[in-house]
Amino acid sequence: QVQLVESGGGLVQVGGSRRLSCAASGRTFSMYAMGWFRQAPGKQREFVAAMRWSGDRTYYADSVKGRFTISRDSARNTVYLQMNSLKPEDTAVYHCAASRGYSTDTYYYTGSSAYNDWGQGTQVTVSS
């Protein structure tokens with residue numbers, strides 16, 4: 001099992017930036033990919049971004065493409081989500097997740113079912 005702890009959430013103004021971090025511990029050697037999902041009040045959880053732990057592939061939701069960047073520091077077992085040009089609709093609880101499944105399918109890591117371990121989440125509120 002992998003334990004995940006997110007940090008970096010908070011209140012940010014429209015157009016601003018925020019960087020989220022997710023520190024992994026435990027059986028990190030078993031991770032093939034990590035992802036970020038978010039859930040706004042009254043809405044279903046949705047995919048935001050993901051990357052293979054090898055760093056050779058990243059995936060983004062259309063709604064964040066060009067504004068958000070996922071990256072990782074393998075030495076620290078930490079994945080980041082750099083969020084720029086934030087909009088009110090980005091307001092949500094952001095969760096990171098770790099996948100122990102390997103797939104070359106383009107859409108595999110965009111689905112929550114691909115992930116085995118989840119963090120508690122960190123709130124991001126974008127205000128105007």
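A contact here means heavy atoms within 4.5 Å.

**Figure 1. Overall organisation of the chain in the predicted model.** Residues 24 or more positions apart account for 57% of the contacts in the chain that have a separation of 6 or more. The chain contains zero helices and 11 strands. Its radius of gyration is 14 Å, close to the 14 Å that the globule rule gives for 128 residues, so the chain is as compact as a globular protein of that length. The C-alpha trace spans about 40 × 25 × 25 Å along its principal axes. Of the 128 residues in the chain, 45% are buried.

**Figure 2. The open sheet formed by four strands.** The strands follow the order 1-3-8-7, and their pairing is antiparallel. Strand 1 (2-7) and strand 7 (68-73) occupy the edges; each has a single partner strand, so one side of each is left without a neighbour in the sheet. On average, neighbouring strands of this sheet are turned by 20° against each other, direction ignored. In general, the strands of a sheet pair through backbone hydrogen bonds, in either a parallel or an antiparallel manner.

**Figure 3. Pairing of strand 3 with strand 1 and with strand 8.** Strand 1 and strand 3 run antiparallel and are joined by six bridges. Glutamate 6 has cysteine 22 of strand 3 as its bridge partner. Six bridges also join strand 3 (residues 18-26) to strand 8 (residues 78-83), and these two strands likewise run antiparallel. Among the partners across this second pairing, leucine 20 is matched with leucine 81 of strand 8, and serine 21 is matched with tyrosine 80 of strand 8.

**Figure 4. Arginine 19 and the ring of tyrosine 80.** The charged end of arginine 19 sits over the ring of tyrosine 80, at 4.2 Å from the ring centre. Tyrosine 80 is also the bridge partner of serine 21. In a regular strand, side chains alternate between the two faces of the sheet.

**Figure 5. An aromatic cluster and arginine 45.** Phe37, Phe47, Tyr115 and Trp118 are linked into a cluster by ring pairs. Arginine 45 lies over the face of tryptophan 118, a member of this cluster. The distance from arginine 45 to the ring centre of tryptophan 118 is 4.0 Å.

**Figure 6. The edge-to-face pair of tyrosine 108 and tyrosine 109.** A search of the whole structure finds seven aromatic pairs. In the pair shown, the ring centres of tyrosine 108 and tyrosine 109 are 4.9 Å apart and the planes stand at 80°, which is over the 60 degrees required, so the pair is edge-to-face. Tyrosine 108 has a relative accessibility of 31% and therefore counts as partly exposed, whereas tyrosine 109 is buried, with a relative accessible area of 0%.

**Figure 7. Threonine 104 in the loop between strand 9 and strand 10.** The loop that carries threonine 104 lies between strand 9 (92-99) and strand 10 (117-118). Threonine 104 has a relative accessible area of 56% and is therefore exposed, since the term applies to values over 50%. The C-alpha atoms of threonine 104 and arginine 57 are separated by 9.9 Å, and these residues are 47 residues apart along the chain.

Conventions:
Residues numbered from 1 in each chain as written. Predicted model: local features only at pLDDT ≥ 70, side-chain atom pairs only at ≥ 80, totals over all residues. Heavy atoms only, no water. Pairing = 2+ DSSP bridges. Axes fitted to C-alpha atoms, helices over the stretch in contact; angles between N-to-C directions. Buried < 20%, exposed > 50% of the residue type's maximum accessible area, 1.4 Å probe, protein only. Phe/Tyr/Trp six-rings, centres within 6.5 Å; stacked < 30°, edge-to-face > 60°. Lys NZ or Arg CZ within 6 Å of the ring centre and 35° of its normal. Rg over C-alpha atoms; globule rule 2.2 N^0.38 Å.
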